[in-house]
Amino acid sequence: MTDKALPTTARVLEMHRMMCTIREFDEQAGQALDSGLARGSVHQYVGEEAIATGVCANLAATDYIASYHRGHGHSIAKGVDPVGMAKELLGRTGGVCGGKGGSMHIADFSRGMLGANGVVPDGVSLAVGAAQAVKLLRQDRIVAAFFGDGALNRGPLFEALNWARVYQLPLLFICEDNLYSATQRTGAVTAGPGGVARAQSFDIVTETVDGNDVLAVDAAAARLTARIRDGGGPAYLYATTYRWYGHLAFDKGLYRDPAEVKSWRERDCIARIEAWLIGRGVDKAALAATREAVKRAIDAAYEAARAAPFPDKHHAFTDVQDIGGPAWA
Amino acid sequence: MGVMTYAEAARLSLEQEMDRDPRVWALGEDLGPEGGVAGQYRGLQQKFGPERILDTPISESMIMGSAVGAAICGTRPVVELRYADFGFCAADEIVNQAAKIRYMLGGQVRAPLVIRQSVGMRNGMAAQHSQNNEALWVHVPGLVVIAPGTPADTHGLLKAAIRCDDPVVFLEHKELWATSGEVDPQAGPLPIGVARLVRPGADATLVTWSSTLGRALEAADALAQSGISLEVVDLRTLWPWDRDTVFASVRKTGRLVVAHESVRVGGFGAELVAEVAQTMFPALKAAPVRVASPRAPVPYAKPLEDMCRVSADMIAAAVREMLPADPSGPLAGT
Ligand SMILES: Cc1ncc(C[n+]2csc(CCOP(=O)(O)OP(=O)(O)O)c2C)c(N)n1
Ligand SMILES: [Mg+2]
């Protein structure tokens, strides 16, 4: 083993700010649903911020990501503007999808964010195709596909792993194992050694990390993405973590043992990196200032969203298809 | 009699069928701890155990495929697909296996199973969680398709679906889960393929099903204010549909409106209108009309989502439009 150089304080501070931004955005996303400003499904990423942050810290603006229903964190980490996201969540003009998609379909192609997704694990299938396109077009990009542990037992994931390996696609799979698929403990319905073994059986390089340790995620993602960029084919990052809240923002999570929730909250990825930074000599006040600045920015994002008008009704019928759209019917 | 919700009526129905027939079992995601997305399985795993209320991984192809296998080998599975949108993840097993296995194998086996899919729009669930896919299933030979619109119908028709030896697609509307109505808890199965004449009327026939029933009745109330008498028929079973009831009603009123939440183009309303036109053209006083969703995915933002809804106003307007200008004049005595 070679000693890996520790990350610079500046890099870690940047990741800290990112995690705080994601958390604040999703805390307020939950409030938006509670107050009726957002509708439908809102899946909060609170508790899992280190994974999106550590992975996306190793992606270029031109790289692609695909996500799943719990997709706010990945979007923000990939550089999507929280203002456009908040507007989307509130179904307003200026939302990243014009208010037509909502939380589960947040996407911003200008940032290489190919979309959250409502169907487990269709984002992974799309990511395979994106990697195929990158290869065909001889582009200098890689693709990262995030998915939950619930995806481990759906056929398309197996097809994606096989496919990516057969065609040696520039694709990083990231399994965010938060132990649950909605109200179900995923382990209870998953045979064998689980998430890592799935990929290993397809001869794909894997790493396992503590997904609440942003430095570990960052380091592993750095190794795997470097390998992919070198033409090494697909790789797979398996990160363990926990969602603090219910599956959906209004789910109280009564099927989980409160002691389990508590023990995972004690492993808070943000508190951990703050302790690390303080050990590096960063001032506590500076960290608090970051959190406050983030809060102001996210407050402003939701404020802008509340002030934005709803989309004009005719947009219900735009962008269906070029020929034979609703007007034709 | 008692008042219960649509979700509770479904739960009670399944419980009673599982009590009655040990071959009945259910499988799907999140049935145990929380009792399904709407509580429609609440307490059943505790009562019947984890084998008969099987919590599955997110494996729609296997949920459906294994149910077909279990159905042809002596059990009667109730498949929970959570949302109709995920029915597409199991479409191969529904269409290529469940629907035609009896036929392909020369009648050696039957696939007695129920495929529960909750359908429809509810509060901003957006394009991948709001679909109504009924017309697709009606189009597939071998399937029975049921779409109850009230708690009592859910109770009786789920029983019938479970006892039916054909594969039954059972479409429950998300917007109806929490609605309540009178249910006789002791009631047995309702007949499949029999519509319900919900409200008698003279001037036009409105055929509908599922959650659109409520809007149809609102429309009928509004029309009654202006002296227009609308007959409302809840089809309940889409395949095989109740030709006798629909034909008799249209023969009486001479006018047909079909209202449904799913997309108008290629929707099941088109089939009804075509059959009526073909069978009783001379009895029609006006061209039949469909009131249904535009051919667009369901958007998220409320004002946009509302553009895809079928409202009571739209139904009432369609009825008014097909009537002669002065309802008290030429209409009298027709
Ligand atoms: C094909 C499919 N089946 C079922 C669902 C309903 N569903 C949405 S999220 C979810 C649980 C997913 O768990 P996991 O993949 O671990 O992600 P997490 O929510 O834990 O982040 C389920 C069952 C779905 N979206 N797609
Ligand atoms: Mg999970």
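This dialogue explains how to read several features of a predicted model.

Reader: On what conventions do the values rest?

Author: Residues are numbered from 1 along each chain as its sequence is written, and chains are lettered from A and ligands numbered from 1 in the order in which they are written. The model is predicted, local features need pLDDT of at least 70, side-chain atom pairs count only at pLDDT 80 or more, and totals for chains, interfaces and linings use all residues, while side-chain values use heavy atoms, with hydrogens and water left out.

Reader: How many residues does each chain bring to the contact?

Author: Contact means heavy atoms within 4.5 Å. Here 41 residues come from chain A and 35 residues from chain B. Buried area is the accessible area (1.4 Å probe) that two parts lose on being put together, summed over both. For chain A and chain B this is about 3,000 Å², with 60% of it on carbon and sulfur atoms.

Reader: How many salt bridges are there between chain A and chain B?

Author: A salt bridge is a side-chain nitrogen of Lys or Arg within 4 Å of a carboxyl oxygen of Asp or Glu. Between chain A and chain B the count is 2 salt bridges. One salt bridge pairs the side chains of A:Arg154 and B:Glu60, at 3.3 Å from N to O.

Reader: How many residue pairs are in polar contact across this interface?

Author: A polar contact is a pair of N or O atoms within 3.5 Å; within protein, one must be able to donate a hydrogen and the other to accept it, and residues adjacent in sequence count only if both atoms are side-chain atoms. The rule finds 15 residue pairs in polar contact across the interface of chain A and chain B, both residues at pLDDT 80 or more.

Reader: Is A:Tyr238 buried or exposed?

Author: Buried means under 20% relative accessible area, exposed over 50%, and partly exposed in between (1.4 Å probe, protein chains only). With a relative accessible area of 10%, A:Tyr238 is buried. A:Tyr238 lies in strand β7 of chain A; helices (H or I, at least four residues) and strands (E, at least two) are DSSP runs, numbered from the N terminus. The side chain of A:Tyr238 makes a polar contact of 2.4 Å with the side chain of A:Asp177. These two residues are 61 residues apart in sequence and 7.3 Å apart in space, C-alpha to C-alpha.

Reader: Why is helix α2 of chain A described as largely enclosed?

Author: In helix α2 (residues 49–56) of chain A, 8 of the 8 residues are buried, so the helix is largely enclosed by the rest of the structure. Among them are A:Glu49, A:Thr53 and A:Cys56.

Reader: Which side chain of opposite charge is nearest to A:Asp251?

Author: Lys and Arg count as positive and Asp and Glu as negative; His and the chain ends are not counted. The nearest such side chain is A:Arg243, 4.6 Å away, and A:Asp251 is buried yet has no salt bridge. The side chain of A:Asp251 does have a polar contact of 2.6 Å with that of A:Tyr255. Leaving aside neighbours within four places in sequence, A:Asp251 is in contact with A:Gly246 and B:Glu34.

Reader: Where are cis peptide bonds found, and what is omega there?

Author: One cis peptide bond joins A:Val120 and A:Pro121, with omega about -15 degrees. The peptide bond from B:Trp239 to B:Pro240 is also cis, with omega near 0 degrees.
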